[in-house]
Every structure is written in C-alpha cells, then in structure tokens.
Amino acid sequence: MEGGVRKLLNISQKKEEVKRLTQAFADAEISILVDYKGLNVSQMTELRFKLRAAGVQMEVVKNTLLRRSVDGSGAELMKDLFKGPNAIVLSNQDPVAPAKILVDFVKDNQKLEIKAAALGGKLLTIQEIEQLAKMPSREELLGKLVCTLNAVPTSLVNVLAGVPRAFVNVLNAVKDQKEAA
C-alpha cells in the first residue's frame, strides 16, 4: 500500500513483492505482527513516524503475500496468525525499540493489537513482547558499556598513581623525622 491507495498487483509484481519481503524478513532481527483495524489515518501516520524515527519499518501487506514471504525465516512461526487486517513491523537493528514503541502506542490507542513477534527463532507472546519493551535499548546498553569500560582504566590509573604517592609521603615523613632530630 503506497500513499494510502491500495494497488492491484499483477503476477510479476507480486513475485517482486514476495522477493523483497523475503529479503526483509531474512534481514530482520525482530518481526512483530499487529492488527491495525480501527486506527484512523492520523494514528497510523503517527505510529509509522515513531517507528521510522527508530529505524523500523511497518508495512501493510496482503496475508497471502506474507505467507509466501516468511518461508525459511524466523517469522515463519507467525504464519498461522496471518488472518484479518495485519501490518508487519520489521527491525534489523534493535529488537527492543519497536517493542517499546508499539507497547507505548497501545497504551494510548487500544485499537492497535499486538498479535505476536518472532525473535531469534522463537515466537513471542504479548507478555514476552511487553517484557522486551521494558529492557534497556541498544543505545542505553552501549552507553552503560562505555561508562564501565571508561571506569576501569580510570580506576587503574588511580591505583597505579597511589603507589608512588604513598612512597613520596613515606620519604617526606622520614625526612621530617630526621630534620626534627
């Protein structure tokens, strides 16, 4: 669906679409299936904007094309759920980001239904997706790692500088003692 207008595809276009989607599913770190029924255009646009800002793509695709596209990918586990109006959310970077965005979006828009997700060859339930959304994002984890890696050399420098400092203090104490005597 492009620009809100559903296009009728001929056989060769459908094959190209399946090929493109198959590659997208193969590259995806996480695939989340949502039912968007009941969302208006502005809500859908808002959701797509939030997802796109996080480097995540969301597509409304016919279920028959979805079924053909997921073969051999981790999203194949969701094949039985491809019924009704579905949108697929794909992220090939951070699996936490789309989960956070969707869970937060559902809080304000109950009409969006998260059906399931596929992550690392495992089918995730809604509860597992909510747990994933509570995890720190990739950026937060990388920030914590940088702080930890930075703290180790700083502590090492302080420890190594402490030995000569203590030695100088001992020498000064000995000098002061000899001057006093």
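Seven salt bridges turn up in this predicted model, counting a side-chain nitrogen of Lys or Arg within 4 Å of a carboxyl oxygen of Asp or Glu. Two of the pairs described here sit inside helices. In helix H2, which covers residues 41-53, Glu46 and Lys50 are four residues apart, or about one turn, and their side chains meet with an N to O distance of 3.1 Å. Both ends of this bridge are partly exposed: Glu46 has a relative accessible area of 37%, and Lys50 comes in at 36%.

Helix H4 offers a similar case. Asp104 and Lys107 are three residues apart there, which again makes about one helical turn, and their closest N and O atoms are 3.5 Å apart. Asp104 is partly exposed at 44% relative accessibility, whereas Lys107, at 56%, counts as exposed because the cut-off for that class is over 50%. As for the spacing, an α-helix has 3.6 residues a turn, so residues three or four places apart point the same way.

Another bridge links Glu128 with Lys122, with 2.7 Å between the closest N and O atoms. Glu128 is partly exposed, with a relative accessible area of 29%, and so is Lys122, with 41%. Elsewhere, salt bridges with shared partners tie Glu17, Arg20 and Glu59 into one network.

Now for helix H5, residues 126-134. Ile129, Leu132 and Ala133 are its buried residues. Looking down the H5 axis, these buried residues fall within an arc of 100 degrees, so they line one face of the helix. Gln127 and Lys134 are on the other side of H5, and these two are exposed. What do the buried residues of H5 pack against? Their partners are strand S1 (30-35), helix H4 (96-108), strand S4 (113-119) and strand S5 (122-124). Helix H4, then, both carries the Asp104 and Lys107 pair and packs against the buried residues of H5.

Not every nonpolar side chain is tucked away. Leu77, Leu81 and Leu123 form a nonpolar patch on the surface, and together they have about 220 Å² of accessible area. Leu81 is found in the loop between helix H3 (63-69) and strand S3 (86-91). Its relative accessibility is 33%, so Leu81 counts as partly exposed; that value also clears the cut-off of over 30% used for patch residues.

Zooming out, the protein chain has six helices and five strands, running α-β-α-β-α-β-α-β-β-α-α from the N terminus on. How spread out is the chain, next to a compact globule? Its radius of gyration is 27 Å, well over the 16 Å that the globule rule gives for 181 residues, so the chain is more spread out than a compact globule. The C-alpha trace spans about 105 × 35 × 30 Å along its principal axes.

Contacts and surface fill in the rest. Among contacts in the chain with a separation of 6 or more, 79% are between residues 24 or more positions apart. Buried residues make up 33% of the 181 residues. The accessible surface comes to about 11,600 Å², and carbon and sulfur atoms account for 58% of that area.

Notes:
Residues are numbered from 1 along each chain as its sequence is written. This is a predicted model: local features need pLDDT of at least 70, side-chain atom pairs count only at pLDDT 80 or more; totals for chains, interfaces and linings use all residues. Side-chain values use heavy atoms; hydrogens and water are left out. Patches are made of residues with over 30% relative accessible area and no salt bridge: like charges are joined within 9 Å, nonpolar side chains (Val, Leu, Ile, Met, Phe, Trp, Tyr) within 5 Å. Accessible areas come from the Shrake-Rupley method with a 1.4 Å probe; for residues, only the protein chains shown count as cover. Buried means under 20% relative accessible area, exposed over 50%, partly exposed in between (1.4 Å probe, protein chains only). The arc is that of the directions from the helix axis to the C-beta atoms. Contact means heavy atoms within 4.5 Å. The radius of gyration is taken over C-alpha atoms; the globule rule is 2.2 Å times the number of residues to the power 0.38.
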